[in-house]
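Visitor: I should like to take a close look at a single part of this structure. Please treat that part in one connected account.

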Amino acid sequence: MLHALMQEHPDRAERLRVHVEALEASIEGQPAFCLQNVRTLFEAAHATIAPQLGVTFGKNSGFPGRMRSVIEKMDFSIADHPDAAKIHSTITALLKGIDDTAVALADLSNIPNMRHGGSLDWGTLENQHAAMLGGLCDALVSFLFDVAWRRPALGATAPETDRYEDFAAFNAWLDDEHGNVEIAGSLFLPSKILYLLDATQYEAVRMDWEAQQAIDAADREAQ
């Protein structure tokens, strides 16, 4: 479904392609990385959909809370239908249920020695778990994208734009990775250049970096 979304809306969804392909590859051959790729894809979706809806996130909000904020901002009712309110509440509950299931699968993966489940049939369950998590992500993200672009948000307001200074740790890492850029004798920070000239790529790289930081922190806690 995400491939169909990217084909229909290349200007809006193309940024998801690298994350979708990484998720597919992990499901097929490296299921242990599925959770990481699902988290990154969710975060990329949040960052794209939220401005459309006027949703802002707290600095420390996790992806379950972000997803609920996005869902609660959407209007799922059908105009002029006598049960429009019930349609909205029922679809909202359904989407929250899908989100809860994805969170439960992610939580299972984070239990020591239970990554992607634990049973006598380790290999099969690992692949099934990855496929379930990836399928839920595909269904939820593609549906929310489609609704976000076709319907107005509930009471949407102009979102507060993130500033370059808000991501000091990421900027420092990016600058260390690439070094200053010299142009006609002047030195420029790579992070600043990317932020100003290609905001979409800057955001995608930043989300990947933040996801990896979260994974590293979880691994340190488990040790």
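Which residues do ring pairs link into a cluster?

Guide: The model is a predicted one, and the description that follows should be read accordingly. The cluster consists of Tyr164, Phe167, Phe170, Trp173, Tyr195, Tyr202 and Trp209, joined to one another through ring pairs. Across the whole structure, a search finds eight aromatic pairs. One ring of the cluster, that of Phe167, also has a charged neighbour: Arg206 lies over its face, at 3.9 Å from the ring centre.

The helices of this part may be taken in turn, beginning with helix 8 and helix 10. Helix 10 spans residues 199-222, and its axis comes within 11 Å of that of helix 8, the two crossing at roughly 100 degrees. Because angles of 65 to 115 degrees count as roughly perpendicular, helix 8 and helix 10 are placed in that class. On the helix 8 side, the contact is made by Ala169, Phe170, Asn171, Trp173 and Leu174; on the helix 10 side, by Tyr202, Val205, Arg206 and Trp209. By character, the residues of this contact divide into seven nonpolar, one polar and one charged. Phe170, Trp173, Tyr202 and Trp209 thus appear both in this contact and in the aromatic cluster. Arg206, which lies over the face of Phe167, is also among the helix 10 residues that meet helix 8.

Helix 8 (residues 168-178) packs against helix 9 (residues 190-197) as well, at an angle of about 115 degrees and with the axes 7 Å apart. This pair, too, is therefore roughly perpendicular. Here Asn171, Leu174, Asp175 and His178 of helix 8 meet Pro190, Ser191 and Leu194 of helix 9. The residues of that contact comprise three nonpolar, three polar and one charged. Asn171 and Leu174 of helix 8 take part in the contact with helix 9 and also in the contact with helix 10.

Notes:
Residues numbered from 1 in each chain as written. Predicted model: local features only at pLDDT ≥ 70, side-chain atom pairs only at ≥ 80, totals over all residues. Heavy atoms only, no water. Phe/Tyr/Trp six-rings, centres within 6.5 Å; stacked < 30°, edge-to-face > 60°. Lys NZ or Arg CZ within 6 Å of the ring centre and 35° of its normal. Axes fitted to C-alpha atoms, helices over the stretch in contact; angles between N-to-C directions. Helix = DSSP H or I, 4+ residues; strand = E, 2+ residues; numbered from the N terminus. Parallel < 35°, antiparallel > 145°, perpendicular 65-115°, else oblique. Contact = heavy atoms within 4.5 Å. Nonpolar A, V, L, I, M, F, W, Y, C, P; charged D, E, K, R; others polar.
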